[in-house]
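Colleague: Please pick a single part of this model and go through it slowly, step by step. I am new to this and would like to follow how its pieces are connected.

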Amino acid sequence: NVTAITGFVSRTEPDPKWEFPRNQLKIEQTLGEGEFGRVLRAQALNIGNQPGYTTVAVKTLKDDAGERELADLLSEYQLLKEVSHPNIIKLLGASTVPGGPVYLVIEFAEHGSLRNYLRRSRHLHTDLHIQTNPMQNLSQPTEHYDEPKICDITPNEILSFAWQIANGMAYLSDIKLVHRDLAARNILLASEKVCKISDFGLTRDIYQDDAYFKRSKGRVPIKWMAPESLSDHVYTNKSDVWSFGILIWELVTLGASPYPGIVVQSLFHLLKTGYRMERPENCSVILYKVMRSCWSLDPEKRPTFSELSMKFEKMLGDKV
Ligand code: ADE
């Protein structure tokens, strides 16, 4: 691992299998921005086996990004080359040859991030519905569907999202990858409402280094983190399961922010002493039991992603 030894990241040799010429990308607009990164929408000419233009997402760095962020982007590139699953975002190519910015070319997800999609869907229902019992009311048509292109969310769809994400995560567990930043903001929604796990910048191979240390700087998703990650910087598939429990909570609340009113400084103590978010009003008891099982203090007591997948499959079959 050259990076660990030298602390310096050089752009490795371009990979001919994936290299895509920058001049075949027509950048159209910014889709999202982070502290150091940016996702752009672009048209890619003759990418993969697709003749003509294909709408793609291009992940790149901002000018003030440093070596650390470049390392994360290149690490995401290496990981995405290795993964292939319907619920994981697909890499289409990359532009890494010197003389321009590093671009990861990724499949475009037409509905954007799941968090934003969930929040947009709220406007379809009256505030009253959200505050009282959205999961029940959502399945019934309301009179507020005037706007075109309205996204209609049903309880079964929520379960389907959870099931799809569990499937993608079960695959990542199988290939020994730990995501470390699982949250609704990092799930993309593609056409046919297919969930795609994305943002692999923090993902690590658990065989490469079996404990993961939090970066000294950079945004840390405290409210999605398992207690052992907060205290000991330990990240495993079981800490991903904890985050998945928070993600289910985000789904049920249509994209609310977890632990409302709780400052991050007090969270660890609260969790250690048994505090957990209460059952959202619209959440079934059975679904709440699932999220609570993800929040077992003992990582070994948490379910695996394949167990979670089977659970959701059954719930979907039962037409909850
Ligand atoms: N926002 C971030 N990544 C995206 C992608 N791949 N497709 C659509 N919107 C995005």
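Modeller: Strands β7 and β8 form a hairpin with three residues between them. In this predicted model, E192 lies in that turn and has a positive phi of about 60 degrees. β7 covers residues 187–190 and β8 covers residues 194–197. The two strands are antiparallel and pair over four bridges. One residue to follow here is L188 of β7, whose bridge partner in β8 is K196.

L188 also leads to the ligand, since L188 is among the residues around the ligand. The others are L31, V39, A57, I106, E107, F108 and A109. Sorted by class, this shell has seven nonpolar residues, one charged residue and no polar ones. The space that the ligand takes is the largest pocket.

Two of the shell residues make polar contacts through their backbones. A polar backbone atom of E107 is 2.9 Å from a nitrogen atom of the ligand. For A109, a polar backbone atom is 2.8 Å from a ligand nitrogen atom. On its own the ligand has 260 Å² of accessible area, and the protein covers 83% of that.

Several shell residues can be placed on other strands. L31 of the shell falls within β1, residues 25–33. β1 runs antiparallel to β2, and seven bridges join them. Within this pair, I27 has A42 of β2 as its bridge partner. Three residues link β1 to β2 in a hairpin.

V39 of the shell falls within β2, residues 37–47, and A57 within β3, residues 50–61. These two strands are also antiparallel, and they pair over 10 bridges. G37 of β2 has L61 of β3 as its bridge partner. The hairpin of β2 and β3 has two residues between the strands, and G48 there takes a positive phi near 60 degrees.

I106 and E107 of the shell fall within β5, which covers residues 103–107. β5 is joined to β3 by four bridges, with the strands antiparallel. In this pair K59 stands opposite L104 of β5.

One general point helps when looking at any of these strands. Side chains in a regular strand alternate between the two faces of the sheet.

Key:
Residues are numbered from 1 along each chain as its sequence is written. This is a predicted model: local features need pLDDT of at least 70, side-chain atom pairs count only at pLDDT 80 or more; totals for chains, interfaces and linings use all residues. Side-chain values use heavy atoms; hydrogens and water are left out. A residue is near a molecule or strand if one of its heavy atoms lies within 4 Å of it. A polar contact is a pair of N or O atoms within 3.5 Å; within protein, one must be able to donate a hydrogen and the other to accept it, and residues adjacent in sequence count only if both atoms are side-chain atoms. Accessible areas come from the Shrake-Rupley method with a 1.4 Å probe; for residues, only the protein chains shown count as cover. On a 1 Å grid over the protein atoms alone, a cavity is a set of points where a 1.4 Å probe fits but cannot get out, and a pocket is an open set with protein on both sides within 12 Å along at least five of seven lines; lining residues have an atom within 4 Å of a point. A molecule sits in a cavity or pocket if more than half of its atoms lie within 2 Å of its grid points. Ala, Val, Leu, Ile, Met, Phe, Trp, Tyr, Cys and Pro count as nonpolar, Asp, Glu, Lys and Arg as charged, and the others, Gly among them, as polar. Two strands pair if DSSP finds at least two bridges between them.
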